Amino acid sequence: MKVMIAGAGSVGSSIAKELISHGHEVLLIDEKPEVVSRAGVQGARWLFGDACELSVLKEAKLDEVDVVVSATGDDKVNLVVSLLAKSEFGVGRTVGRVNNPKNDWMFDDAWGVDVAVSTPRLMTALVEEAVEIGDLVRLMTLQSGVVSMVEFTVPHDSPMIGRTIGSVPWPSDATVVAILRDDIPLAPSPDDVIEGGDELFFVTTILAEDELRTVLRNSPEES
């Protein structure tokens, strides 16, 4: 997979290292050549310039890229890069970093953003996950304001224990996409039995979150 990352700071370089270790082809764009030594990214291609400039994106051959990641520390830049990637080059998937949570509402498909990632929101989610066992935790918003990925850790006294995934009346707009059990990710099937401590991951519409929360909290007889 070919990935272009705008911004080679700590966030962009970390993403690049991870992607390269997984065998992906990465191009980093940054205005400052000196970031190369600081980033410490081995195996990436580099382009120096303003990622908001069409000429730079054309030089990057963005029409051949599968994913664009806007990871700069400037929300305006991340929005412009995402919009240009979608509207001018037809990139299939864009991921935008939200620096200021107050700007989160702008990171949607109107600005060409497929996935908005807010570091403060993710950190909050991780904190909540640690202390709010038995509650639904939103991890990220996909196509902001429409679809989200959420996580639910099954309490050891939950009435859900012993039920199969297929027997639970999940909301029509919510889908179980993964189970994390004993640090091992599992692809869910209707016959999988829910155990205490399981982390259930769902892709759901924002509107269906409350209904999903009700199903997860109710006893089998009630749901």
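A residue is taken as buried when its relative accessible area is under 20%, and as exposed when that value is over 50%. The structure described here is a predicted model.

By the first of these cut-offs, Gly12, Ser13, Ala16 and Leu19 are buried in helix H1. This helix comprises the 12 residues 10-21. Its span from the first C-alpha to the last is 17 Å, close to the 16 Å expected at 1.5 Å a residue. Viewed down the axis of H1, the buried residues fall within an arc of 130°, so they line one face of the helix. The cover over these buried residues includes strand S1 (2-6), strand S2 (25-30) and helix H2 (35-39). On the face of H1 turned away from the buried side lie Ser10 and Ser21, both of which are exposed. Just after H1, Gly23 adopts a positive phi of about 90°.

A second region of the model concerns strand pairing. Strand S6, residues 115-118, pairs with strand S5, residues 93-98, in the parallel sense, and 4 bridges connect the two. Within this pairing, Val98 is placed opposite Ser118 of S6. Strand S6 is also joined to strand S7, residues 136-142, by 2 bridges. Here the strands run antiparallel, and Ala116 stands opposite Thr141 in S7. Strand S6 is thus paired in the parallel sense with S5 and in the antiparallel sense with S7. In a regular strand, side chains alternate between the two faces of the sheet.

Conventions. Residues are numbered from 1 along each chain as its sequence is written. This is a predicted model: local features need pLDDT of at least 70, side-chain atom pairs count only at pLDDT 80 or more; totals for chains, interfaces and linings use all residues. Side-chain values use heavy atoms; hydrogens and water are left out. Two strands pair if DSSP finds at least two bridges between them. The expected span of a helix is 1.5 Å times one less than its number of residues. Buried means under 20% relative accessible area, exposed over 50%, partly exposed in between (1.4 Å probe, protein chains only). The arc is that of the directions from the helix axis to the C-beta atoms. Contact means heavy atoms within 4.5 Å.
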